[in-house]
Amino acid sequence: MGGVVISGTGVFTPPNVVSNEQLVESYNAYAENWNADNAEAIASGDAVEKQPSSVPFIEKASGIKSRYMMEGKGAIDVSRMHPNLSEQAPENPVDTPAQVKMAFAAAEKALKEAKLKGEEIDMVIISASVWERFLPSMACELQSMIGAKGFAFDMGMACSSATFGISTACDALQSGMANKALVVTAEYLTPVMDYEDRDSHFIFGDCAVAIVLERETETKSETAFRINDRKLFTEYSPNIQVTFGTRNLLVPEDISDPKYRFKQNGRVVFRELLPKVIDLVNGYLEKNERTVEDYKRFWLHQANINMNIFATKKLLGKEPSQDEAPIILDEYANTAGAGCMIAFDKYKSDFKTGDLGLICSFGASYSIGCFEVERL
């Protein structure tokens with residue numbers, strides 16, 4: 001049946017750019033107002049004074065300098081401190097969500113690179129961390145929009161949504177259940193952020209990345225990468241969470257409560273998750289009789305520059321260069337499941353036949369997805 005290849009990728013980048021400077025200015029104005037309104041409670045010890053944010057703090061903590069957002073005004077409006085609906089959001093909630101429009105734009109680019117038409121696809125997955133709409137299935141709507149045949153479904157695995165979606169598509173292609181698959185990780189994350197929280201108001205951006213997969217023997221792509229091997233891992237952890245869900249419909253007064261938005265214990269995640277990532281990759285190398293020198297590039301999850309540098313230094317034994325382990329989170333911020341594949345899309349064109357690379361996602365749930373790819 002032949003191996004499975006990634007024959008095309010495409011990225012949709014939202015139109016609005018919000019800088020650290022803009023976020024800091026709005027957050028600090030909000031914090032000053034909040035401290036003034038709660039001065040008595042702060043003085044009595046019943047409330048904690050909100051500390052100011054700063055651009056150096058954000059860049060040192062994360063490496064993020066800006067982010068793309070589907071709607072950028074609401075989050076920096078001191079009277080709102082939360083995004084407005086995107087201009088692409090429909091008036092009728094059952095109509096095409098902005099998240100599906102993001103997926104469609106990325107899919108068009110990936111199909112073009114793969115030299116395929118939508119009707120040649122017979123499996124569509126939208127794999128993402130959060131959902132603008134639960135039903136009807138967003139993947140089924142995307143299937144209809146591109147004219148694909150076969151079947152479609154939504155799935156998710158937080159920061160490993162893209163890699164788990166790719167692995168699921170590989171299984172279908174290898175079993176014969178599908179012939180050509182489209183996996184899209186459309187991350188519309190900014191609505192789940194708590195912009196009133198100094199430690200996390202800067203973390204996420206919005207973006208979508210699409211991946212076309214097919215059998216090596218059938219591809220017409222001039223930029224195909226064979227998936228040589230893969231490994232997935234999960235272990236439950238509540239240290240990264242967004243707890244908003246159907247429960248909020250039962251207790252509607254809680255909908256605006258910040259506790260249901262994105263929260264993480266960053267230091268605990270760093271301490272617990274990174275050793276698992278390093279162990280998994282080292283075990284993967286040992287199993288496949290590889291060394292890190294065999295790989296031209298590592299495309300890693302784009303959550304935090306300190307995590308990326310720590311992981312690659314442990315693996316490579318040195319400070320990684322942009323060529324060895326490219327960083328895109330300075331421009332895009334954390335895009336959850338999409339990050340490693342955005343990096344792949346933007347830093348793959350210099351590969352020649354036989355060059356090897358390693359894609360690795362890691363993050364919430366906990367989850368890790370690892371792929372060895374080889375340029376055809």
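In this predicted model, Ser365 sits in the loop that runs between strands S12 and S13. Its phi is positive, at about 110°, even though Ser365 is not a glycine. With 28% relative accessibility, Ser365 counts as partly exposed, because that class covers values between 20% and 50%. The backbone has a further feature here: the peptide bond from Ser365 to Tyr366 is cis, with omega near -25°. Tyr366 is likewise placed in the loop between S12 and strand S13 (367–375).

A positive phi also appears at Ala336, where the value is near 50°. Ala336 belongs to the loop between helix H10 (329–332) and helix H11 (339–346). At 3% relative accessibility, Ala336 counts as buried. Another cis peptide bond links Leu135 and Pro136, with omega of about -5°, and Pro136 lies in the loop between strand S4 (123–127) and helix H5 (138–146). For context, most residues other than glycine have a negative phi, and most peptide bonds are trans.

Turning to the pockets, the largest one has a volume of about 1400 Å³. Its lining comprises 43 residues, and Val130, Trp131, Glu132, Val192 and Phe244 lie nearest its centre. By class, this lining divides into 29 nonpolar, 9 polar and 5 charged residues.

The second largest pocket holds about 680 Å³ of space. It is lined by 28 residues, with Ala61, Gln264, Gly266, Arg267 and Asn304 closest to its centre. Helix H3 (55–62), helix H8 (266–287), helix H9 (305–316) and strand S12 (356–363) each contribute at least two lining residues, and H8 gives the largest share, 5 residues. The lining has 15 nonpolar, 9 polar and 4 charged residues.

Terms used. Residues numbered from 1 in each chain as written. Predicted model: local features only at pLDDT ≥ 70, side-chain atom pairs only at ≥ 80, totals over all residues. Heavy atoms only, no water. 1 Å grid on protein atoms, 1.4 Å probe; cavity = no way out; pocket = protein on both sides within 12 Å on 5 of 7 lines; lining within 4 Å. Points joined across faces, edges and corners; volume = space filled by probe spheres on them. Nonpolar A, V, L, I, M, F, W, Y, C, P; charged D, E, K, R; others polar. Helix = DSSP H or I, 4+ residues; strand = E, 2+ residues; numbered from the N terminus. Buried < 20%, exposed > 50% of the residue type's maximum accessible area, 1.4 Å probe, protein only.
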